[in-house]
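Biologist: Please take a close look at a single part of this model for me, and then place that part in the chain as a whole. I would be grateful if each term were explained where it is used.

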Amino acid sequence: MDTRHLQYILTIAQKQNMTKAAEELFISQSSLSQYLAKLEQEIGVPLFERTRSKMLLTPAGELYVEAARQVLSIEKHLYENIRSLNNRSHITLGLTSQLCLRMLTAIVPGFKTDFPDATLEITEANVKTLTHMLQEESLDCAVMAVHDTSAFAPDQVDILGTEEILLAIPKGHPYCKKNPGDTVPWNDLQEDLGQDNFLICKKGSTLREVTDQIFAAIHLDPSTMCETNSIITTRTMVAMGIGITFIGKSCMQDENKIHYYRLDPPVTRRFALIRRKNWVMHTPETTLCEEIRKYFKRKTVKALMR
C-alpha cells in the first residue's frame, strides 16, 4: 500500500509552506509542487489558498486532509496488527527529561530480550513537541515531565510520580553563606538573587513553565538569563559558578559544588505515561508500558520523588 502522497498533502497543510514541506519530506520543491498541481487538476478544485506568506487549506482541502488522516490511520493499524502476529511491533516512544532517559536504559535490555523482533524508535523533544506529535498520532506514547495533562483524555494518561523542583546555586555564592539551610523562600529570589544569571530551559518544557510561573508570582524580571534545553549543560554551568537554575530533584548531582534548595512554597512536576488516542496495543506494547510503570515504582526512584 503506497500512501506517501497522502502524507505530502498533510505535510504541506502542517507547514503551510511548500519549501518547508519539501524539506520535511526530503523531496525537491519542484516535485512537490508538480504533484500538488496534478492532484488539484484531477480533483477540479484547489486544496490550498496561496497567500504571500502561507498556504492555507480551502474547504475542499480540509475534507481531503481529514480523509487522508483516516486512511493513514487505517494503514497504520493494519500494519500494527500484521506485525503483532510475530511480535514484530514498531513502537515510537517520546521522552523529555534525564530521568526518562535513565528509565529507558534500564528497561530496554530486558524488553529486547523478550521481544527481539520489536523495534523501538525514540524521539527526544520538549513537552510541547511531544504533545503535538501525540495529538497528530505520529507518536505512539511518551514519558514526559509535565505540569498539565488537560490536552489529553483521562484514559490516555498514567501519572507515574511527582517530583519536587529545586533551586541550584553554586556553593561559593554569597547567598549560601547567608542561608546555609535547605529551603529558599520565593521572596529571596527577588530580594537576594534577582541580579543573578538565571539558567533556564527554553519555552515548551515543563521546567520553563514552572520558572515563568514563579517569576510572574514574585514579579521578577531577571537581569540576565541563559536558555538551554540541556540539563547536563545547565548543571555544569551552575557547578562552575556561571549562574543559578531550577532543576528536578532526580537530576541532582555535584553536591560538593552545588547547593540545592527546596522552594517555599514547594513546586512540583509530574511524570506521566501518555498514549495516543487510537494506539492498538499488543503484547510488546502492553509489556513496554508495564515495564515503564514498574520502573517508576521502584524504591530507588521513590527515593527521588515525593
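Modeller: An axis here is a line fitted to C-alpha atoms, for helices over the stretch in contact, and angles run from 0 to 180 degrees between N-to-C directions. The model is predicted, so to speak of local features requires pLDDT of at least 70 and of side-chain atom pairs pLDDT 80 or more, whereas totals for chains, interfaces and linings use all residues. Residues are numbered from 1 along each chain as its sequence is written, and side-chain values use heavy atoms, without hydrogens and water.

The part I have chosen is the packing of helix H5 (residues 98–114) on helix H11 (residues 283–297), whose axes come within 10 Å and cross at roughly 130 degrees; helices (H or I, at least four residues) and strands (E, at least two) are DSSP runs, numbered from the N terminus. H5 and H11 are therefore oblique to each other, outside the ranges for roughly parallel (under 35 degrees), roughly perpendicular (65 to 115) and roughly antiparallel (over 145). On the side of H5, Leu99, Arg102, Met103, Ala106, Ile107 and Phe111 make the contact, and from H11 they are met by Pro284, Leu288, Glu291, Ile292, Tyr295 and Phe296, where contact means heavy atoms within 4.5 Å. Sorted by class, this contact of H5 with H11 has ten nonpolar residues and two charged ones, with no polar residue; Ala, Val, Leu, Ile, Met, Phe, Trp, Tyr, Cys and Pro count as nonpolar, Asp, Glu, Lys and Arg as charged, and the others, Gly among them, as polar.

As for the chain around this pair, twelve helices and twelve strands are assigned, and the C-alpha trace spans about 75 × 50 × 30 Å along its principal axes. Of the 306 residues in the chain, 46% are buried, that is, under 20% relative accessible area with a 1.4 Å probe, protein chains only (exposed is over 50%, partly exposed in between). Among the contacts with a separation of 6 or more, 73% join residues 24 or more positions apart.

Another helix, H6 (residues 127–135), has Val127, Leu130, Thr131, Met133 and Leu134 as its buried residues. They cover an arc of only 165 degrees around the axis, which puts them on the same side of H6, the arc being that of the directions from the helix axis to the C-beta atoms. The cover over these buried residues of H6 includes strands E3 (90–95), E4 (119–124), E5 (141–146) and E12 (268–275), together with helix H9 (206–217).
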